[in-house]
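Work through the exercises below with the sequence and the model side by side. Try each task before reading its solution.

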Amino acid sequence: MAVLVALGAFLMTLIGGWTAQRVTDRRHLVLGLAGGLMLGVVGLDLLPEALEAAGDPVFGVPRALLLFVGGFLLAHAVERLLAVRQAAHGAGADWGAARSASMSGGGRATGGRAPQVGLTAAAAMVAHSLMDGIALGAAFQVGGGMGATVAVAVVTHDFADGFNTYTITSLYGNARRKAVAMLVADALAPILGAASTLLFTLPEELLGSYLGFFGGALLYLAAAEILPEAHHEHPARSTLLCTVAGVAFIWLVVGLSA
């Protein structure tokens, strides 16, 4: 089941990349909804499950919470090292120029940006998508309800990943074929991650720890990347409503699967 859901993530990643080439001023609504779905999964499902399964506290703090903070901080550190935030904030202003450069097949830097930086940032997203697949397989090991809610997060998140992978690769002046290649790699990564969990079963305590860590990283992406980008150019009420709708939908899913 996890591999089948990962196939859905594969398609959503490709759709996200395709949308990055087509969408204009409506992407803030899509990203607002994606951020709300991710926030709901972390706060209403992943973290409670991790707290229940992760075992004894460490120096007075639940292990799942320590790993949750660790996942958040690691995602922050990676984002700072690879300058993903700079690329994301420049997407609105520079997207037209970057798209023109990528469509022309050029591999030169855009606005002083080195193409290698865009490829490195995209490669980090591919690695994260691989971890998404592992988290998906691990969630289905817990049970169908947990797997279903994580599946919503992974599939939705991978739409945003595909969108951002293509955008950032192109933004730094890489040729369109390189942007497409990174998009395909990002789409395949969740399938490989989910398939790897067919070879082993995580102990409950280790599984809870991993879900806590994954939840921290997912929350960082939602709160520090996707939602700010959604509101960056269009701080509209409709964007906020899409975010609230995403959280409410996850609440409904959790309630029905309980």
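The exercises go from the whole chain to single residues.

This is a predicted model, in which local features need pLDDT of at least 70, side-chain atom pairs count only at pLDDT 80 or more, and totals for chains, interfaces and linings use all residues. Residues are numbered from 1 along each chain as its sequence is written, and side-chain values use heavy atoms, with hydrogens and water left out.

**Exercise 1. The whole chain**

Task: State how many helices and strands the protein chain has, and what percentage of its residues count as buried.

Solution:
- Step 1. Apply the rule: helices (H or I, at least four residues) and strands (E, at least two) are DSSP runs, numbered from the N terminus.
- Step 2. Count them. The protein chain has nine helices and zero strands.
- Step 3. Write the pattern along the sequence: α-α-α-α-α-α-α-α-α.
- Step 4. Turn to burial. Buried means under 20% relative accessible area, exposed over 50%, and partly exposed in between (1.4 Å probe, protein chains only).
- Step 5. Of the 258 residues, 48% count as buried.

**Exercise 2. The nonpolar core**

Task: Find which residues of the largest nonpolar core touch the most other members.

Solution:
- Step 1. Define the core. It is a set of buried Ala, Val, Leu, Ile, Met, Phe, Trp, Tyr and Cys residues joined through side-chain atoms within 4.5 Å.
- Step 2. The largest such core has 37 residues, and Val42, Leu46, Leu136, Val150, Phe214, Leu218 and Ile226 touch the most other members.
- Step 3. Look at the suppliers. At least two residues of this core come from each of α1 (2-22), α2, α3, α5 (115-142), α6 (144-171), α7, α8 and α9 (237-257).

**Exercise 3. One helix in detail**

Task: Compare the reach of helix α7 with its expected span.

Solution:
- Step 1. The expected span is 1.5 Å times one less than the number of residues.
- Step 2. Helix α7 (residues 176-196) has 21 residues, and 30 Å is expected.
- Step 3. From first C-alpha to last, α7 reaches 31 Å, close to that value.
- Step 4. Check burial. Among the buried residues of α7 are Ala179, Met182, Leu183 and Pro190.
- Step 5. Follow Ala179 to a partner. Its C-alpha is 5.3 Å from that of Tyr166, 13 residues apart in sequence.
- Step 6. Tyr166 is found in helix α6 and counts as buried, at 1% relative accessibility.

**Exercise 4. The aromatic pair**

Task: What kind of pair do the rings of Phe72 and Tyr220 form?

Solution:
- Step 1. Rings of Phe, Tyr and Trp (its six-membered ring) pair if their centres lie within 6.5 Å; planes under 30 degrees apart count as stacked, over 60 as edge-to-face and the rest as tilted.
- Step 2. The structure holds one aromatic pair. The ring centres of Phe72 and Tyr220 are 5.0 Å apart and the planes are at 85 degrees, so the pair is edge-to-face.
- Step 3. Phe72 lies in α3 and Tyr220 in α8 (residues 204-232), so the pair ties together parts that are 148 residues apart in sequence.
- Step 4. Compare the two positions. Phe72 is partly exposed, at 27% relative accessible area, whereas Tyr220 is buried, at 3%.

**Exercise 5. Far in sequence**

Task: How far apart in space are the C-alpha atoms of Thr239 and Leu33, and those of Gly212 and Leu47?

Solution:
- Step 1. Thr239 lies in helix α9. It is buried, with a relative accessible area of 0%.
- Step 2. Thr239 and Leu33 are 206 residues apart in sequence and 7.6 Å apart in space, C-alpha to C-alpha.
- Step 3. Gly212 is in helix α8 and is also buried, at 0%.
- Step 4. Between Gly212 and Leu47 there are 5.9 Å, C-alpha to C-alpha, and the two are 165 residues apart along the chain.

**Exercise 6. A loop residue**

Task: What is the phi of Phe59, and is Phe59 buried or exposed?

Solution:
- Step 1. Phe59 sits in the loop between α2 and α3.
- Step 2. Its phi is near 55 degrees, a positive value in a residue other than glycine.
- Step 3. Recall the background: most residues other than glycine have a negative phi.
- Step 4. Phe59 is exposed, with a relative accessible area of 86%.
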